[in-house]
Amino acid sequence: MVAISDAVFRKFARLLHERAGIHLSEQKKMMLATRLNKRLQHFGLRSFNQYFTLLNDPAHPDEMQVMIDHLTTNETYFFREPAHFDFLESLLRRERREQWRIWCAASSSGEEVYSLAMVLDDVVGTGHWFVLGSDISTRMLAQARRGVYPEEDNATIPQRLLKKYCLKGVGAQAGSFAIDRRLKQGIEFRQINLTALLPPLGQFDLIFIRNVMIYFNQPTKHEVVKRVLGQLKPGGYIITSHSETLHGITSELAMVKPSIYQKQRRDGGAA
Ligand SMILES: C[S@@+](CC[C@H](N)C(=O)[O-])C[C@H]1O[C@@H](n2cnc3c(N)ncnc32)[C@H](O)[C@@H]1O
């Protein structure tokens, strides 16, 4: 394995921060070296400096995205932090909308988006909801669009929803399951970098932005929250993971419970 010096590690860390907002502390040096060694091997390079040069070489326009894909942490699973899905279900039962619009702003390989879609479709019915799933990683977005997962990954999906929305693979697909096409019709996956200017997206009733801000430093986190809040309807909800907090970031949000925040309505009230 090719080793990386502290100075070259810092060059990569700076580049990743510029391109994806991700903050890598010195402790992540080994992680970066291990993950990027495969790329050095792929190009037959002998040093990280050579790879850094290649990243900026117009002859390899796609390599920057490949590097970002290798350095993002994509862990996710169906119905992760189930209290958030219970919250969504009770909100859907309590309030009426012609169409619910939800943005899942770091959707990784899609499990979170499909979990949201199962709850939405089950409670409000097809045609009355839309979910936008977005991520910076094109590799994860490709997996998400495919919507096929190993069978053991279905363990956290409630049995009733599993039966209703997932198809067990047979023949060459044995050992996997696929998300029903009916659900996919209400979903769009797009590449969106949360640390760059957002494309026009419209307004959302809820925004799930879970387990991504832990990779940002405080100024980046502030900037991302401000940007994302611009896409949330007054009275709408923003949901982070239980290990993240938006406390003190903006007075526009009121905490409903830990990790669930509501945007103030124009008259100043949250509820
Ligand atoms: C740990 S996963 C979280 C997945 C899911 N939200 C969950 O809670 O299970 C973090 C995701 O954030 C994405 N990510 C990292 N930086 C990003 C950025 N600047 N813009 C958009 N997505 C980003 C990564 O590609 C990764 O898929």
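1. Let's start with the loop between strand 9 (253–257) and strand 10 (260–263), which is where you'll find Ser259. Keep in mind as you look that this is a predicted model. Ser259 has a positive phi of about 80°, although it is not a glycine. That deserves a second look, because most residues other than glycine have a negative phi. Is Ser259 buried or exposed? At a relative accessibility of 3%, Ser259 counts as buried.

2. Now go back along the chain to Glu81, another non-glycine residue with a positive phi, here about 55°. Where does Glu81 sit? Look in the loop between helix 4 (63–71) and helix 5 (82–94). Its relative accessible area is 16%, and the cut-off for buried is under 20%, so Glu81 is classed as buried. If you're checking the backbone by eye, Glu81 with its phi of about 55° and Ser259 with its phi of about 80° are good places to pause.

3. Helix 4 comes up again when you look at helix packing. The axes of helix 3 (residues 48–55) and helix 4 come within 9 Å, and they cross at roughly 125°. The two helices are therefore oblique to each other. Which residues make the contact? Helix 3 brings Tyr51, Leu54 and Leu55, while helix 4 brings Glu63, Met64 and Met67. Sort these contact residues by type and you get five nonpolar, one charged and no polar.

4. Compare that with the pair at the start of the chain. Helix 1 (residues 6–20) packs against helix 2 (residues 29–43) with the axes 11 Å apart and an angle of about 80°. How are these helices oriented, then? Because angles of 65 to 115 degrees count as roughly perpendicular, helix 1 is roughly perpendicular to helix 2. On the helix 1 side the contact is made by Asp6, Phe9 and Phe12, and on the helix 2 side by Lys29, Leu32 and Leu36. The contact residues here split into four nonpolar and two charged, with no polar ones.

5. Next, find the open sheet of three strands, whose order is 3-5-4 with antiparallel pairing. Strand 3 (148–150) and strand 4 (166–168) are the edge strands: each has a single partner strand, so one side of each has no neighbour in the sheet. On average, neighbouring strands in this sheet are turned by 30° against each other, direction ignored.

6. Zoom in on one pairing in that sheet. Strand 3 and strand 5 (residues 176–179) run in the antiparallel sense and are joined over three bridges. Which residue of strand 5 is the bridge partner of Tyr149? That partner is Phe177, so try tracing across from Tyr149 to see the pairing for yourself.

7. Last, the cysteines. How many disulfides turn up in a search of the whole structure? The search finds zero. Cys104 is in no disulfide, and its nearest cysteine sulfur, the one in Cys166, is 16 Å away. Cys166 is likewise in no disulfide. A disulfide needs two cysteine sulfur atoms within 2.5 Å, so at 16 Å Cys104 and Cys166 do not qualify. As for their surroundings, Cys104 is buried, with a relative accessible area of 0%. Cys166 also counts as buried, at 11% relative accessibility.

Technical notes
Residues are numbered from 1 along each chain as its sequence is written. This is a predicted model: local features need pLDDT of at least 70, side-chain atom pairs count only at pLDDT 80 or more; totals for chains, interfaces and linings use all residues. Side-chain values use heavy atoms; hydrogens and water are left out. Buried means under 20% relative accessible area, exposed over 50%, partly exposed in between (1.4 Å probe, protein chains only). Axes are lines fitted to C-alpha atoms, for helices over the stretch in contact, and angles run from 0 to 180 degrees between N-to-C directions. Helices (H or I, at least four residues) and strands (E, at least two) are DSSP runs, numbered from the N terminus. Angles under 35 degrees count as roughly parallel, over 145 as roughly antiparallel, 65 to 115 as roughly perpendicular and the rest as oblique. Contact means heavy atoms within 4.5 Å. Ala, Val, Leu, Ile, Met, Phe, Trp, Tyr, Cys and Pro count as nonpolar, Asp, Glu, Lys and Arg as charged, and the others, Gly among them, as polar. Two strands pair if DSSP finds at least two bridges between them.
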